[in-house]
Amino acid sequence: MEGLAAAGFVFSMLGLVAFVRLEKLTKTLKEKGILEEDYKDE
């Protein structure tokens, strides 16, 4: 059972890192004018 908990923790951390990187990418694209300022992801 500990292995399953460890795997869940690792995948949740990877998800958090992916979310932060996606937010940073969206911000950068807005600053460069590639995305509109009022862009909302679906």
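**Exercise 1.** Find how much accessible surface the protein chain has, and what share of that surface belongs to carbon and sulfur atoms.

*Solution.* In this predicted model, the accessible surface of the protein chain comes to about 4,100 Å². Of this area, 65% belongs to carbon and sulfur atoms. Turning from surface to interior, buried residues make up 2% of the 42 residues in the chain.

**Exercise 2.** Determine how many helices and strands the protein chain has, and check whether the span of α1 agrees with its 31 residues.

*Solution.* Begin with the count, which gives one helix and zero strands. The helix, α1, covers residues 2–32. The expected span is 1.5 Å times one less than the number of residues, so the 31 residues of α1 should span 45 Å. The end C-alpha atoms of α1 are 45 Å apart, which agrees with that expectation. As for the whole chain, its C-alpha trace spans about 50 × 20 × 10 Å along the principal axes. Just after α1 comes Gly33, which takes a positive phi of about 85°.

**Exercise 3.** Decide whether Met13 is buried, partly exposed or exposed, and name the surface patch to which Met13 contributes.

*Solution.* First, place the residue: Met13 lies in helix α1. Next, take its relative accessible area, which is 38%. Buried means under 20% and exposed means over 50%, so Met13, with its 38%, is partly exposed. Finally, Met13 helps to make a nonpolar surface patch of about 840 Å², together with Phe9, Val10, Phe11, Leu14, Leu16, Phe19 and Val20.

**Exercise 4.** Find how far apart the mean positions of the positive and negative charges are.

*Solution.* The chain has 6 positive and 8 negative charges, and their mean positions are 7 Å apart.

Technical notes:
Residues numbered from 1 in each chain as written. Predicted model: local features only at pLDDT ≥ 70, side-chain atom pairs only at ≥ 80, totals over all residues. Heavy atoms only, no water. Patch = residues over 30% accessible without salt bridge, like charges linked within 9 Å, V, L, I, M, F, W, Y side chains within 5 Å. Areas by Shrake-Rupley, 256 points an atom, 1.4 Å probe, with all protein chains shown as cover. Salt bridge = Lys/Arg side-chain N within 4 Å of Asp/Glu carboxyl O. Helix = DSSP H or I, 4+ residues; strand = E, 2+ residues; numbered from the N terminus. Buried < 20%, exposed > 50% of the residue type's maximum accessible area, 1.4 Å probe, protein only. Lys, Arg positive; Asp, Glu negative; His and termini not counted. Charge placed at Lys NZ, Arg CZ, Asp CG, Glu CD.
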